[in-house]
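Me: Could you take me through one helix-helix contact in close detail, and then through the nonpolar core around it?

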Amino acid sequence: MSRAEKKKFYTTLFELKVLKGYSSNFRNRVSMDELKLNGLKSHDCHTLIQQLLPIAIRGMLPTKVRYAITKLCLFFNALSNKVLDVNTLDGIQEEIVNTLCLLEMYFLPSFFDIMVHLTVYLIYEVKMCGPVWFQWMYPFERYMKVLKSYVRKGNNEEGCIAECYIAEEALEYYAEYLKDVSAVGVPRNRNNLSYDDHGISAADVKLVDLKLLNQAHQYVLENTNEVEEYKEEHMEILKATNPIKSKQQVWLQDEHNRTFADWLRKRIALEIDEGSNISSNMRWISHGPQHQLIKCQGYMINGVCFHTKRHDDEHCYQNSGVSVVANTMLVSMERNGRI
């Protein structure tokens with residue numbers, strides 16, 4: 001790499017933001033003056049070669065060299081999955097052999113030591129021993145830190161570890177018979193991690209714009225299974241009342257989006273008056289959201305912590321991005337700038 005490419009590479013790692021707990025803060029590991037990575041832990045090396053390195057080298061190096069490095073990264077990423085399909089292991093083995101051949105074409109012979117050669121046998125190890133995460137040393141390395149914390153005197157390390165271990169085992173045994181006592185050595189999560197949705201910061205009450213409120217309500221209606229039969233019924237009503245216009249798919253979808261929420265509210269109210277069995281979830285969805293919104297800087301949803309973008313701009317990690325796979329029709333109107 002040239003110095004300009006090195007600076008671009010390390011700048012990408014320096015400005016990178018990942019999920020909280022995903023890896024170390026690479027901003028503390030990158031030296032922009034010396035253009036080096038310092039103090040990487042084993043987990044940081046795994047994260048770098050599996051997922052971050054293909055992103056950081058985009059737009060630099062010759063295309064064939066970048067392709068070979070990316071294939072090596074994808075191999076380690078596929079190998080470290082929690083679930084492996086046995087039928088795909090032979091294909092992964094062929095890919096790593098081809099990848100090593102590509103590396104031999106573009107790198108010097110001094111690059112190929114015994115560690116590079118051992119990648120050929122990793123698939124065989126997986127077939128014999130199971131997924132990689134059953135075998136790596138992270139749990140033992142973390143527990144070695146616990147044992148090191150037991151040492152009180154430098155001249156009697158083994159005795160300190162043995163005494164503290166015995167004392168902790170005794171306390172753990174008695175804790176089993178005490179009520180509302182947490183286990184010894186298990187840290188308490190500061191965010192009170194649970195699968196109950198709740199805010200993790202002070203909440204403010206805000207008034208929501210009506211247009212934004214309708215968009216949010218429409219999104220919920222389009223992605224709720226209980227509403228599917230009502231959507232189909234509403235479509236049939238629109239086709240029956242507008243036989244000519246409904247032949248245009250764009251008009252039909254736009255009219256459905258515009259009138260479905262009000263139609264559903266009246267339809268559910270009619271079924272309730274008739275004594276039909278309507279679920280509580282369906283009643284709330286048809287009624288629509290309130291204009292007053294409780295706003296938090298952080299929220300726990302299904303055990304995953306999310307923050308606002310303003311909060312993440314002030315921190316080294318990012319928990320604000322959400323991606324949704326859409327399968328509904330998108331109507332784009334160029335004349336008014338809507339997408």
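Reply: In the contact between α1 and α2, Phe9, Thr12 and Leu13 of α1 meet Leu48, Leu53 and Ala56 of α2, where contact means heavy atoms within 4.5 Å and helices are DSSP runs (H or I, at least four residues) numbered from the N terminus. By class, this contact of α1 with α2 has five nonpolar residues, one polar and no charged ones, with Ala, Val, Leu, Ile, Met, Phe, Trp, Tyr, Cys and Pro counted as nonpolar. The model is a predicted one, in which local features need pLDDT of at least 70 and side-chain atom pairs count only at pLDDT 80 or more, while totals for chains, interfaces and linings use all residues. Residues are numbered from 1 along each chain as its sequence is written, and side-chain values use heavy atoms, without hydrogens and water.

The axes of α1 (residues 3-14) and α2 (residues 42-56) come within 9 Å and cross at roughly 125 degrees. That angle makes α1 oblique to α2, the class left after under 35, over 145 and 65 to 115 degrees are set aside.

In the largest nonpolar core (buried residues, under 20% relative accessible area with a 1.4 Å probe, joined through side-chain atoms within 4.5 Å), Phe9, Tyr10, Leu13, Leu48, Leu53, Ile57 and Ile69 touch the most other members of the 15. At least two residues of this core come from each of α1, α2 and α3, and α2 gives the most, with four residues. Leaving out residues up to four places away in sequence, Ile69 touches Leu53, Ile57, Leu61 and Phe107. Another core, of 14 residues, lies apart from this one and has Ala68, Leu72, Leu89 and Leu102 among them.

Conventions
Axes fitted to C-alpha atoms, helices over the stretch in contact; angles between N-to-C directions. Buried < 20%, exposed > 50% of the residue type's maximum accessible area, 1.4 Å probe, protein only.
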